[in-house]
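I opened the model today to look up how the protein meets its DNA, and then a few backbone details and the domain layout. My entries follow in the order in which I made them.

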Number of protein chains: 2
Amino acid sequence: MTLDARKKLILESIIKDYVETAEPVGSRTVVKKHALNISPATVRNEMADLEEMGYLEQPYTSAGRIPSQMGYRYYVDCMMEKEALSDKEIEILQKILQDNIHEWNEVIEKVSYFLAQVTSYASFVIFPSVSLSHFKYLQILPIEENKALVIAVTDSGLIMHRKIDVPESVTPGDLETIGKAMNKVFSGRRLNDISRSDLRMIRDSLRRRKKFIDKVLDAVEYILTTSEEERLVISGTLNILNEPEFKDLEKLKKILALLDEGVLFKSIVPEDVTDEVEIRIGTENKIEGVKEISLVVSGYNTLGQRGKIGVIGPIRMEYWKAAGTVETVGKILEEILKERF
Amino acid sequence: MTLDARKKLILESIIKDYVETAEPVGSRTVVKKHALNISPATVRNEMADLEEMGYLEQPYTSAGRIPSQMGYRYYVDCMMEKEALSDKEIEILQKILQDNIHEWNEVIEKVSYFLAQVTSYASFVIFPSVSLSHFKYLQILPIEENKALVIAVTDSGLIMHRKIDVPESVTPGDLETIGKAMNKVFSGRRLNDISRSDLRMIRDSLRRRKKFIDKVLDAVEYILTTSEEERLVISGTLNILNEPEFKDLEKLKKILALLDEGVLFKSIVPEDVTDEVEIRIGTENKIEGVKEISLVVSGYNTLGQRGKIGVIGPIRMEYWKAAGTVETVGKILEEILKERF
DNA sequence: TATTAGCACTCTCATTAGTTGAGTGCTAAT
DNA sequence: ATTAGCACTCAACTAATGAGAGTGCTAATA
């Protein structure tokens, strides 16, 4: 279904105005703010049409109109132009990242923080699980009297380590032998392809020092399981306190709980995202309890996998700004990660 | 100043009641709930006395009384008996910790979470800075074509690492030589005693490979500076949404901002804490803007230093429960850390 | 002298009624 | 097709009223 030019203009006016003020928009306001040379009465007729078509709704008889979910959807799909980040903002972001490129951990935190600041919504960055990376290198490093460090490096450049006890009877030479043997089996394989039975096989092939080898394998297994989790960072949670729609404590509680609990939060982020920005408005998000939020999310590529980045805010959201920002920041994040890691 | 037995009893009744209900307590209620065999009129007289002395206050004429800050202080100092954790709860905590003893990181997170759950206030754990630990061991480990890993281990058992680029011209043998030389200078020294001039000295003593050595030193410096920060974990932030005193959005915003910003939060935690539980009520906390919170905090020992653990909640707090819980959980945390790390 | 019953008084909270004003929908004129 | 005009609607604000909880004081009592 397509709308004629004037209806589009009116719809857009109402959306822009309502997003800004959070108040229902009346016909007079539409005419004044956007300097149309038609009368309020005409606008009223158009608005009545738009309401009938489902793009607008009225909180109560004789209030102004507010965009319906469908109205936002139409705007986003058919009319929206993404608003780009200003050069200045891009510069700021790049400066932030140049100063703090030590760990990918830090990078995603800074990026998320920046995104929240710029959009003034809550933002998130999901860094993909490393379990699809390949094992590159494993070493058992004696570090003190009875301790050694099991160090694993993946081809994506991630480093994981874990401390283990070493019995008296095990010599540094033993450690080297064991390390080499394991390296042979593991190297080049995907982390999540290494199963318990592989671990058992190694255990059997190395006849001596069984007990100790078990310890090493435990450490490896620990490394494998922890590396399976993707990393989630959320920033700007408090921004939602500024949105009038969450002045109601019950609603606020629900959405804060959502942002507070990583597992819960992940469940509302779409599984498959592309490099294109995707927008989910209100009830398009399938989640228990919280229907009054929108999500703007984009994928980014790193380590041969896809991470996710986006913002979460009220339905009354500046989609144009959010989409443009998420898009650009995602691209920059992707670049930086490629460059550095 | 000491109160006679009956005044104490009445003060306690009012505190317990008000903490539970968040409503001003009237004379009838005191008599009924605590089955005193004196009349409401007598209680009224006593309450008037207590108010004159400053232990109670009246929100308005002819409302019931609520405890003043001074009232809570008197109760905490002269009457309170800490309420111990139940055996069952202790058991649960220990079970949680036995399952998750891999990293001290995890331990403090679990402990903090537990504390928030049990008290239903917001909780925090501060893990001391490791900058006072001693350098134990440093190794430069080649991990792939042109990369090496600088690994540092402290005597407190913490492991830090950082990846660096290695120029073609530097051989594994070089790495070993450099590593050994650095080890000699660093080992046994406190992390925060190692200054830039030490780093420069090393740079000068090793004539060759200056550029590369700079890189290694950069990595070491990075490790030193990041290890200076103490770690802060806050849990149960959302619990404060349940307290009626924070139904006001402005107050809520302030306190959430406080809990959200680590630096800000640390500024209200007392510098010096002992093994004894310390309680700060309301304005006894010197902090801009937020006067309506109380803090219950205790120190715990680890790595030869002192960490802090506690809860933060409204002035209308179950101090008896909070104090007992913080005390016990702190002790258990201390034990676990000693055992494992 | 300490306690208590009785009662007038105070102040909040909830409810109701009245008023205002923004904004609509409809009709008739252009 | 557009618009001026006007009656109508409904939330939001204000004021008035009444109920109820709880006090403080006075005078009676043990």
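Before looking at single atoms I fixed my term: a polar contact is a pair of N or O atoms within 3.5 Å, where within protein one must be able to donate a hydrogen and the other to accept it, and residues adjacent in sequence count only if both atoms are side-chain atoms. I note that this is a predicted model, in which local features need pLDDT of at least 70 and side-chain atom pairs count only at pLDDT 80 or more, while totals for chains, interfaces and linings use all residues. Residues are numbered from 1 along each chain as its sequence is written, chains are lettered from A and ligands numbered from 1 in the order in which they are written, and side-chain values use heavy atoms, with hydrogens and water left out.

Entry, phosphate contacts. I looked up B:Arg65 and found one of its polar side-chain atoms 3.1 Å from a phosphate oxygen of DNA strand D. For B:Ser27 the corresponding distance to a phosphate oxygen of the strand is 2.7 Å, and for A:Arg6 it is 2.9 Å. Turning to secondary structure (helices, H or I, of at least four residues and strands, E, of at least two, taken as DSSP runs numbered from the N terminus), I saw that the elements giving two or more residues to the surface near DNA strand D are α3 (40-53) of chain A and α3 (40-53) of chain B. The most comes from α3(A), with four residues.

Entry, the surroundings of the strand. I counted a residue as near if one of its heavy atoms lies within 4 Å; 19 residues surround DNA strand D, and the closest are A:Arg6, A:Ser39, A:Thr42, A:Ser62 and B:Ser27. Of the strand's atoms within 4 Å of the protein, 78% belong to sugar or phosphate and the rest to bases.

Entry, backbone. Most residues other than glycine have a negative phi. I noted that B:Ser62, in the loop between β1 (56-57) and β2 (66-67) of chain B, has a positive phi of about 65 degrees. B:Ser62 counts as exposed because its relative accessibility is 67%, where exposed means over 50%, buried under 20% and partly exposed in between (1.4 Å probe, protein chains only).

Entry, domains. With bounds from an automatic or database domain assignment, chain A is divided into domain 1 (5-79), domain 2 (87-128 + 230-340) and domain 3 (135-226). I read 65 Å between the C-alpha centres of domain 1 and domain 3 of chain A.
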